[in-house]
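Work through these exercises with the model open beside you. Try each task before you read its solution.

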Amino acid sequence: AWTGWWFYLTHQIDRQIETQAAAMRQAGWDVRFSEKTLSGWPFRARVGLRDVTIGAPSHHAVSALELAAEANAYQPTKWVIVAPQGLVLTRAGKGEVAVAGDAIR
């Protein structure tokens, strides 16, 4: 039963990511990523995104070479997001700020 729950959960997560990204794009946001992976069986749900850019219509944005989000499969409402290679914040009219560290979460 646990394996069935994990596959159901990760399917729902994948569907919600695509639905939310499409809704944001329709509202004028720039939402891009080159690769999406779902892993973590059996006890975690982990989403990996590569070459991520999320830009608001106001021209504020965040981008990262890699983002990973993870939650326990038994508590999928609590997530930790990690940018292992750092990220870049774009401030409209003020330029970019690179954020790096041993772990950004």
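**Exercise 1. A loop residue**

Where is the place of His59? Then classify His59 as buried, partly exposed or exposed.

*Solution.* Keep in mind that this is a predicted model.

Step 1: Find His59 in the loop between β3 and β4.

Step 2: Take its relative accessible area, 61%. The cut-off for exposed is over 50%. His59 is therefore exposed.

Step 3: Check the backbone. Phi of His59 is near 75 degrees, a positive value in a residue that is not glycine. Most residues other than glycine have a negative phi.

**Exercise 2. A strand residue with positive phi**

Find the element that holds Asp51, and give its phi and its exposure class.

*Solution.*

Step 1: Asp51 sits in strand β3.

Step 2: Its phi is near 50 degrees, again positive in a residue other than glycine.

Step 3: The relative accessible area of Asp51 is 43%. Partly exposed covers values between 20% and 50%. Asp51 is therefore partly exposed.

**Exercise 3. An unusual peptide bond**

Which residues does a cis peptide bond join?

*Solution.*

Step 1: Look at omega. For the bond between Trp41 and Pro42 it is about 10 degrees, and the bond is cis.

Step 2: Recall the background. Most peptide bonds are trans.

Step 3: Place the proline. Pro42 lies in the loop between β2 (35-39) and β3.

Step 4: Look for a partner. Ala73 touches Pro42, and its other contacts include Trp2, Trp5, Trp6 and Leu9.

**Exercise 4. The layout of the chain**

Count the helices and strands, then write their order.

*Solution.*

Step 1: The protein has 1 helix and 7 strands.

Step 2: Along the sequence, the pattern reads α-β-β-β-β-β-β-β.

Step 3: Add the dimensions. The C-alpha atoms fill a box of roughly 50 × 35 × 20 Å along the principal axes.

Step 4: Add the burial. Of the 105 residues, 24% count as buried.

Step 5: Add the surface. The accessible surface is about 6,900 Å², and 57% of it belongs to carbon and sulfur atoms.

**Exercise 5. The nonpolar core**

How many residues make up the largest nonpolar core? Which element supplies the largest share?

*Solution.*

Step 1: Start with the background. Nonpolar side chains tend to be buried together in soluble globular proteins.

Step 2: Count the members. The largest nonpolar core has 12 residues, among them Trp6, Leu9, Val47, Leu49 and Ala73.

Step 3: Assign them to elements. α1 (2-26), β3 (44-55) and β4 (61-72) each supply at least two residues.

Step 4: Pick the main contributor. β3 gives the largest share, 4 residues.

**Exercise 6. The largest pocket**

What is the volume of the largest pocket, and which residues lie nearest its centre?

*Solution.*

Step 1: The volume of the largest pocket is about 450 Å³.

Step 2: Its lining has 20 residues, and Ile17, Val47, Leu49, Ile54 and Ala69 lie nearest the centre.

Step 3: Name the elements. α1, β1 (30-32), β3, β4 and β5 (75-82) each give two or more residues to the lining. The largest share, 6 residues, comes from α1.

Step 4: Sort the lining by class. There are 16 nonpolar, 3 polar and 1 charged residues.

**Exercise 7. Three residues in strands**

Classify Thr53, Thr37 and Leu89 by exposure, and list what they touch. Leave out neighbours up to four places away in sequence.

*Solution.*

Step 1: Thr53 lies in β3. Its relative accessible area is 17%. The cut-off for buried is under 20%, so Thr53 is buried. Thr53 touches Asp30, Val31, Arg32, Val62 and Ser63.

Step 2: Thr37 is found in β2. At a relative accessible area of 32%, Thr37 is partly exposed. Its contacts are Arg46, Val47 and Gly48.

Step 3: Leu89 lies in β6 (residues 87-91). Its relative accessibility is 35%, so Leu89 counts as partly exposed. Leu89 is in contact with Ala61, Val62, Gly95, Glu96, Val97 and Val99.

Step 4: Finish with two C-alpha distances. Thr37 and Ala69 are 32 residues apart along the chain and separated by 11 Å. Leu89 and Ile13 are 76 residues apart in sequence and 25 Å apart in space.

Definitions and conventions
Residues numbered from 1 in each chain as written. Predicted model: local features only at pLDDT ≥ 70, side-chain atom pairs only at ≥ 80, totals over all residues. Heavy atoms only, no water. Core = buried A, V, L, I, M, F, W, Y, C linked by side-chain atoms within 4.5 Å. Buried < 20%, exposed > 50% of the residue type's maximum accessible area, 1.4 Å probe, protein only. Contact = heavy atoms within 4.5 Å. 1 Å grid on protein atoms, 1.4 Å probe; cavity = no way out; pocket = protein on both sides within 12 Å on 5 of 7 lines; lining within 4 Å. Points joined across faces, edges and corners; volume = space filled by probe spheres on them. Nonpolar A, V, L, I, M, F, W, Y, C, P; charged D, E, K, R; others polar. Areas by Shrake-Rupley, 256 points an atom, 1.4 Å probe, with all protein chains shown as cover.
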